[in-house]
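Please open the model in a viewer and keep the sequence at hand. The tour below proposes a series of selections and states what is found at each.

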Amino acid sequence: MTTYRMPLARPRDNAMIAGVCAGLAQRFGMKPSTVRILFLLSCLLPGPQFVVYLVLWILIPKR
C-alpha cells in the first residue's frame, strides 16, 4: 500500500504567524493546534527554538 504525503509547504489558510506549524502539521498528519502547543511547550526548554522557526519560515515555500 502506498501512502501519499503532502509536500512540506506553508499553507495560506490556517496560518497564524508564518504558517510553519500549520505546514508541519499537514506534512505529518497532525492538527495545527497540536503542533503549535508542542512548539510553545518546547520554548520552555533551553535551545534555539525561535532560530529554527525563523529558518523554517525562510526555507519552507509558501503554497
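The stops that follow go from the whole chain to single side chains.

**The whole chain**

Begin with the full protein chain, bearing in mind that this is a predicted model. Displayed as a cartoon, the chain shows three helices and zero strands, in the order α-α-α from the N terminus on. Along the principal axes, the C-alpha atoms fill a box of roughly 40 × 25 × 20 Å. Of the 63 residues in the chain, 25% are buried.

**The segment before helix 1**

Next, select Arg-12, which lies in the segment before helix 1. Is Arg-12 buried or exposed? With a relative accessibility of 63%, Arg-12 counts as exposed, because the cut-off for that class is over 50%. Add Gly-23 to the selection and draw a distance between the two C-alpha atoms: the separation is 9.5 Å, for residues that are eleven apart along the chain.

**The largest pocket**

Now turn to the largest pocket, whose volume is about 210 Å³. It is lined by 13 residues, and those closest to its centre are Ile-17, Cys-21, Arg-36, Phe-39 and Tyr-53. Colouring by element is useful here: helix 1 (20-28), helix 2 (32-42) and helix 3 (49-59) each give two or more residues to the lining. Colouring by class instead gives eleven nonpolar residues, one polar residue and one charged residue in this lining.

**The cysteines**

Keep Cys-21 selected and add Cys-43. Why does the structure hold zero disulfides? The sulfur of Cys-21 has its closest cysteine sulfur in Cys-43, at 9.0 Å, which is too far for a bond; a disulfide requires the two sulfur atoms to be within 2.5 Å. The surroundings of each residue can be inspected in turn. Cys-21 is buried, at a relative accessible area of 10%, whereas Cys-43 is partly exposed, at 25%.

**The aromatic residues**

Select the aromatic side chains, among which there are three aromatic pairs. Start with Phe-39 and Tyr-53, whose ring centres are 5.3 Å apart; the planes meet at 40°, so this pair is tilted. The pair links distant parts of the chain, with Phe-39 in helix 2 and Tyr-53 in helix 3, 14 residues apart.

Stay on Tyr-53, which counts as buried because its relative accessibility is 13%. Which geometry does the aromatic pair of Tyr-53 and Trp-57 have? This pair is edge-to-face, with 6.5 Å from centre to centre and 70° between the planes. Both Tyr-53 and Trp-57 lie in helix 3, four residues apart, or about one turn of the helix. Trp-57 is partly exposed, having a relative accessible area of 36%.

To see the wider arrangement, add Phe-50 to the selection. Ring pairs join Phe-39, Phe-50, Tyr-53 and Trp-57 into a cluster. Tyr-53 and Phe-39 thus appear twice on this tour, being members of this cluster and also among the residues closest to the centre of the largest pocket.

**A charge over a ring**

For the last stop, select Arg-27 and Phe-28. Viewed along the ring normal of Phe-28, Arg-27 lies over the face of the ring, at 5.6 Å from the ring centre.

Terms used. Residues are numbered from 1 along each chain as its sequence is written. This is a predicted model: local features need pLDDT of at least 70, side-chain atom pairs count only at pLDDT 80 or more; totals for chains, interfaces and linings use all residues. Side-chain values use heavy atoms; hydrogens and water are left out. Buried means under 20% relative accessible area, exposed over 50%, partly exposed in between (1.4 Å probe, protein chains only). On a 1 Å grid over the protein atoms alone, a cavity is a set of points where a 1.4 Å probe fits but cannot get out, and a pocket is an open set with protein on both sides within 12 Å along at least five of seven lines; lining residues have an atom within 4 Å of a point. Grid points are joined across faces, edges and corners, and a volume is the space filled by probe spheres set on the points. Ala, Val, Leu, Ile, Met, Phe, Trp, Tyr, Cys and Pro count as nonpolar, Asp, Glu, Lys and Arg as charged, and the others, Gly among them, as polar. Rings of Phe, Tyr and Trp (its six-membered ring) pair if their centres lie within 6.5 Å; planes under 30 degrees apart count as stacked, over 60 as edge-to-face and the rest as tilted. A charge sits over a ring if NZ of Lys or CZ of Arg is within 6 Å of the ring centre and within 35 degrees of the ring normal.
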